[in-house]
Each structure stands twice: as C-alpha cells, then as structure tokens.
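Me: Hi, could you walk me through this structure? I'd like to talk about charges, then the overall layout.

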Amino acid sequence: MTIAFVSICKVCEERRSASANAAQWPILKAWSEQRQWPINGILSDISAEDWKHILTAAFENDVNPRISPGLHGGMVMLGRRTSRYGKTRFGEWLDWLNAESHHAGIKVPAPESVEF
C-alpha cells in the first residue's frame, strides 16, 4: 500500500519590518497636531490613531465604510487594518500618506531610512 502525503503551502507576501511600521507614526502624529476634524459635528483635535483610521479609509478609497451600532449606543466605523498589509502594500500606504500630507499642507518630519 502506498500512502501519499500532500503538503499545501500558502504563498504570502513577507511581513514588513518594525521600522517600516514605525515610519507611519510621525506622519500621523503631525496630522493630529496640525489638523482638526469634525467629530459629532464639533471641530476637534483627534489622536494619531484616529487619523490612521480616517486616512486608511481614504487610502483604500472606502467611500462606503462598514458602520455598526455600538454595544451601548452610538456608531462604530469598522475600518481597514494596515497590520494586514504586506511589504508592497505598506510601501504604497507610506508613499500615499506622504503625498496626501503634502497636498493637505501637513508638515511632516523628514523621513528616516526605512528598511522594509
């Protein structure tokens, strides 16, 4: 009797480096320090994490985001996650983020060398 073993290998793009991930935060921090955004109809200062959600939705061209009622009221936007981006997509995200920052007049710190 012959027994055959089949091995299945999922081919995925390599994950990005920690330095690549860190490169987005000075840019997002610049947005949080330089731009207000309407929250519940009131122009507000928001965190770098909040800007990440807003800008990621724009990067993904997510004009119809998934919105859910909150557990105890309110609404929650179920956004995209950059943690799922591989090296190539994350590079595109950083390029887009820098270009969008320039277009919006956000002054960002000079980028450090990023190794993906």
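**Salt bridges and more**

Reply: Happy to. Going by the side chains, the count comes to three salt bridges. Keep in mind that this is a predicted model.

Me: Which residue does Lys 29 meet in a salt bridge?

Reply: Its partner is Glu 33, at 2.5 Å from N to O. Both sit in helix 1 (residues 18-34), and being four residues apart there, they are separated by about one helical turn.

Me: And how exposed or buried are Lys 29 and Glu 33?

Reply: Lys 29 counts as partly exposed, because its relative accessibility is 46%. Glu 33 counts as exposed, with a value of 54%.

Me: OK, what about Glu 60, which side chain does that one meet in a salt bridge?

Reply: That would be Arg 89, at 3.4 Å from N to O. This pair links distant parts of the chain, 29 residues apart: Glu 60 is in the loop between helix 2 and strand 3, while Arg 89 is in helix 3 (residues 87-104).

Me: Is Glu 60 buried or exposed?

Reply: Buried, since its relative accessibility is 19% and the cut-off for buried is under 20%. Arg 89 comes out as partly exposed at 30%.

Me: Which residue besides Glu 60 is linked with Arg 89 in the network of salt bridges?

Reply: Glu 92, so you can picture Glu 60, Arg 89 and Glu 92 as one network of salt bridges. The closest N and O atoms of Glu 92 and Arg 89 are 3.0 Å apart. Those two both lie in helix 3, three residues apart, or about one turn of the helix. Glu 92 itself is partly exposed, with a relative accessible area of 37%.

Me: Switching to Lys 52: where does it lie, and what is its nearest side chain of opposite charge?

Reply: Lys 52 lies in helix 2 (residues 48-59). The nearest side chain of opposite charge is Glu 49, 5.0 Å away. Lys 52 is buried yet has no salt bridge, because a salt bridge needs the nitrogen and the carboxyl oxygen within 4 Å.

Me: So what is Lys 52 in contact with, leaving aside neighbours within four places in sequence?

Reply: Gln 24, Trp 25, Leu 28, Thr 82 and Trp 93.

Me: Nice. Now the layout: how many helices and strands does the protein chain have?

Reply: There are three helices and four strands. Along the sequence they follow the pattern α-β-β-α-β-β-α.

Me: How do strand 1 and strand 2 run?

Reply: Antiparallel, with four bridges joining strand 1 (residues 36-39) to strand 2 (residues 42-45). Trp 37 stands opposite Ser 44 in strand 2. The hairpin has two residues between the strands, and Asn 40 in it takes a positive phi near 50°.

Me: What about the surface, which residues make the nonpolar patch of about 320 Å²?

Reply: Ile 67, Met 75 and Met 77 make it. Ile 67 has its place in strand 3 (residues 66-69). For the protein chain as a whole, the accessible surface comes to about 8600 Å², and 55% of that belongs to carbon and sulfur atoms.

Me: Last one: what percentage of the residues count as buried?

Reply: 27% of the 116 residues. As for contacts between residues at least 6 apart in sequence, 65% join residues at least 24 apart.

How values were computed. Residues are numbered from 1 along each chain as its sequence is written. This is a predicted model: local features need pLDDT of at least 70, side-chain atom pairs count only at pLDDT 80 or more; totals for chains, interfaces and linings use all residues. Side-chain values use heavy atoms; hydrogens and water are left out. Buried means under 20% relative accessible area, exposed over 50%, partly exposed in between (1.4 Å probe, protein chains only). Lys and Arg count as positive and Asp and Glu as negative; His and the chain ends are not counted. Contact means heavy atoms within 4.5 Å. Accessible areas come from the Shrake-Rupley method with a 1.4 Å probe; for residues, only the protein chains shown count as cover. Patches are made of residues with over 30% relative accessible area and no salt bridge: like charges are joined within 9 Å, nonpolar side chains (Val, Leu, Ile, Met, Phe, Trp, Tyr) within 5 Å. Two strands pair if DSSP finds at least two bridges between them.
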